[in-house]
Each structure stands twice: as C-alpha cells, then as structure tokens.
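This report describes selected features of one protein chain, from strand pairing to aromatic contacts and a surface pocket. The sequence and structure are shown first.

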Amino acid sequence: MSSYSEFDLITFLRQRCRRAPRHLKTSIGDDCAVFAPGFAHRMVCTSDLLVEGFHFRKEWISPQFLGRKACLVNLSDLAAMGARPYACLLNLALEPAWLSGQVQALIEGFVSEAEERNMPLIGGDLSRSDRLFVSVTALGYVKSGEPLLRSTARPGDAIFLIGDLGYSRLGLQLLKETADLDLSGIAGDDELRRHAGSEERYRCLKAHLCPPVHAEEAVWFQENQAARAMIDVSDGLAADLRHILDESGVAAEINVEALPSLEGIDSQDALLALLLDGGEDYALLFTASPEMQERIAQEYPSDWSQPSLIGRVVDGPPRLILVRDGKRRTYEPRGFDHFQ
C-alpha cells in the first residue's frame, strides 16, 4: 500500500497489535480501551510529547528510531516510579507525506519496542498536521507497596546513579556539527553502527536516538524496598536531582570524582557540564537509607548495571553542593527547560 487513509492505519494497527495485557477486555476498535481493575495495588500513568522541529528533526532520526525513542522515554518515566509497564496509547499527528511507508515504519518501531518491554499498545488517536507530533500515554503498576516518589528523600540517604551521563548530548552535538550526517533512512542498530564510522560515535548517536532504560532495575528497587526516592535523568542530572531536593525539602552533596567518566573530553569544565546538564541520559537516580544500602550490597543482582555512589542527602534548604578536592560550592542546574 503506497498511501494510508485514517481507517487503513487503524486496520494496520489492529492487525499489528495482537498482544494484549492481562485483564484487558476491549482494545483498539472502540472509543476506549477497557480493562478490569484489581490486578495491582497502585496504577501509575505518564504522558510524553515529541514535536518535530523542537524535540527532533526528521533528517536526524529515522521513523523506526523515532518510534522506538517515543516508547522508551515513557517507559523511563514508569521506571522512575519503580512501576511495571502495563500498556500504552499512541497519538500521531501526521503530515500527508508521511501517509506511506514512513508511518508504517514509525509504528513498527514503536510497537516492536513496546511489546518487547511488555507494554503493548491498546489504543490512541490519529490526526493530520503540518508537522509531526508523537504523543504517548503509558500505564504502569506496582504489585504492592507504594511507587517511588521524588518527595521521600531524607538527610543521611546515599545518592546512587545507574547508567551513563553525557553521551546523549555528545550524540546531539554530532548531529548538529556534521552537515552530511543524514540518519533519516537508518532502520536498525547495525546500520547505525556502520553509518557512524566508529564505535565511540555509534555509542553517542545510539544514546541520543534510542536511549537505554533501566526498567528492570527500577522495579527491583521498588519491590525490594531498596530505594527511598527516585527519578529518571531526562533534563540533566543536576536539574533532576534538584527536583528531588525541592520535593523533599533537603539539600545534597555530590562528589564530582565519583561521577562517570567520558572519553575524549579534555576540559574539566566541559566535562562537568556534560555530566551534570547533558540531558536525555535516562539514567536512574535514587536515594537509599543505610538499611537499604545494606540490602543493595547483599541482594542486588551482580549481572545488572551496578549502582554508583555519587553523593549524599544532607539537611538544609534545597540546593546542590559539588564537592571536589575537599572544596564545596553550590551549583545551579542548567538542564533542559521547554520554555527557555
């Protein structure tokens, strides 16, 4: 089929989305999806919007990778709460030129990633637009206990990080600085690696286009009561840690030497800016009490991405204090802000 109508797309989606979560009664085809409650102790819900020209450029990301990224950034929000994914809704506003193989590729990338992560697509909406909008609503749940919040950090907690920092921002810089780097036709990881030209460039581009999400680890922390407050690093480590501090009414000290390293960055100021304010890293940032730290040391799976101790929560009004070579200074986040 060379071009789709709205109802062709709905038919394609119904045929493609054959997996359904437990307790789902009605999915794509009615005005609402219907599921029976009672399978979880708490439900959580998140929504994220990707706008062409603001969050992405079509020459910098293929439809397949755009679909995958739209899925993953919402999965990361569920992970930030320690929630298991349940299902998702996909809303697309499309240019007429996309009503061909491009929209099918976007949907295929999204659905494949969502099904692999046990977050099947159960509905959404389609519209026409003069630019591309991709909006996702993701549903998750916790089986017992409470979701991990930003407001529960306490003085004396250790601050841990799981994942890399800075590589996504380096990937974005590559896209901005390389005039002939057209990724609009790159469909998969192997093709991206060949196109990147080096393993380091591939790592940066992959981090930006298809970020790693630490969902399994996050669920472990919630279900084992091994974290107190948690957030995913989407706006930058400093900005997202400040969200925890503001909500919890505490301060934090970060040991600069304990932050992850980045190869090829000579300037210490540039390195610190990438690590603290890079954004779109989707690392996992959490606090843990001494008792929780002991549980992590004894029970956390050794073959998973390991938590790095990077600081501690302290008494005081919300502020971020950097500690380097025994010197302390307050740091103001310069992370991403949609309206600045």
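## The second largest pocket

A pocket is an open set of grid points with protein on both sides within 12 Å along at least five of seven lines, and its lining residues have an atom within 4 Å of a point. The model examined here is predicted. Its second largest pocket holds about 550 Å³ of space. The lining comprises 26 residues, and those nearest the centre of the pocket are R84, P85, R117, N118 and Y141.

Which element supplies the largest share of this lining? Helix 7 does so, with six residues. Strand 4 and helix 7 each supply at least two residues of the lining. Both elements are described further below.

## Strand 4 and its partners

Strand 4 spans residues 84–94 and is mostly covered, with eight of its eleven residues buried. Two pairings of this strand are described here. With strand 6, residues 133–142, strand 4 pairs in the antiparallel sense over nine bridges. Within this pairing, L89 has T137 as its bridge partner, and N91 is matched with S135.

With strand 5, residues 121–128, strand 4 pairs in the parallel sense over seven bridges. Here the bridge partner of L90 is G124. Between these two strands the chain passes through helix 3, residues 101–116, and the resulting β-α-β crossover is right-handed.

## Strand 6 and strand 3

Strand 6 is also mostly covered: nine of its ten residues are buried. In addition to strand 4, strand 6 pairs with strand 3, residues 42–51, in the antiparallel sense over ten bridges. In this pairing, R42 stands opposite V142 of strand 6.

## Aromatic pairs and the cluster

A pair of aromatic rings is described by the distance of the centres and the angle of the planes. Seven aromatic pairs are found in a search of the whole structure. In one of them, the ring centres of F160 and F286 are 5.4 Å apart and the planes stand at 20°, so the pair is stacked; the cut-off for stacking is an angle under 30 degrees. Because F160 belongs to strand 7 (residues 158–162) and F286 to strand 10 (residues 283–288), the pair ties together parts that are 126 residues apart in sequence. Are these two residues buried or exposed? F160 counts as buried at 9% relative accessibility, and F286 is buried with a relative accessible area of 0%, the limit for burial being under 20%.

A second pair, W220 with Y300, is edge-to-face, with 5.2 Å centre to centre and 90° between the planes. This pair also links distant parts of the chain, 80 residues apart: W220 lies in helix 7, whereas Y300 lies in the loop between helix 10 (290–299) and strand 11 (308–314). W220 counts as buried at 11% relative accessibility, and Y300 counts as buried at 8%. The residues of both pairs belong to one aromatic cluster, formed by F160, W220, F221, F286, Y300 and W304.

## Helix 7

Helix 7 covers residues 215–223 and is mostly covered, seven of its nine residues being buried. The buried residues are A215, E217, A218, V219, W220, F221 and Q222. Among them, W220 and F221 are members of the aromatic cluster. Helix 7 is followed by Q225, whose phi is positive, near 50°.

## Charges over aromatic rings

Two arginine residues are placed over tyrosine rings. The charged end of R193 sits over the ring of Y202, at 4.1 Å from the ring centre. R203 lies over the face of Y167, with a distance of 4.0 Å to the centre of the ring.

## Helix 5 and residue D189

D189 is located in helix 5, residues 189–196. At 24% relative accessibility, D189 counts as partly exposed, because this class lies between the limits of 20% for buried and 50% for exposed. The C-alpha atoms of D189 and C210 are separated by 9.2 Å, and the two residues are 21 residues apart along the chain.

Conventions:
Residues are numbered from 1 along each chain as its sequence is written. This is a predicted model: local features need pLDDT of at least 70, side-chain atom pairs count only at pLDDT 80 or more; totals for chains, interfaces and linings use all residues. Side-chain values use heavy atoms; hydrogens and water are left out. Buried means under 20% relative accessible area, exposed over 50%, partly exposed in between (1.4 Å probe, protein chains only). Helices (H or I, at least four residues) and strands (E, at least two) are DSSP runs, numbered from the N terminus. Two strands pair if DSSP finds at least two bridges between them. A crossover is right-handed if, with the strands pointing away from the viewer, the path from the first strand over the helix to the second runs clockwise. Rings of Phe, Tyr and Trp (its six-membered ring) pair if their centres lie within 6.5 Å; planes under 30 degrees apart count as stacked, over 60 as edge-to-face and the rest as tilted. A charge sits over a ring if NZ of Lys or CZ of Arg is within 6 Å of the ring centre and within 35 degrees of the ring normal. On a 1 Å grid over the protein atoms alone, a cavity is a set of points where a 1.4 Å probe fits but cannot get out, and a pocket is an open set with protein on both sides within 12 Å along at least five of seven lines; lining residues have an atom within 4 Å of a point. Grid points are joined across faces, edges and corners, and a volume is the space filled by probe spheres set on the points.
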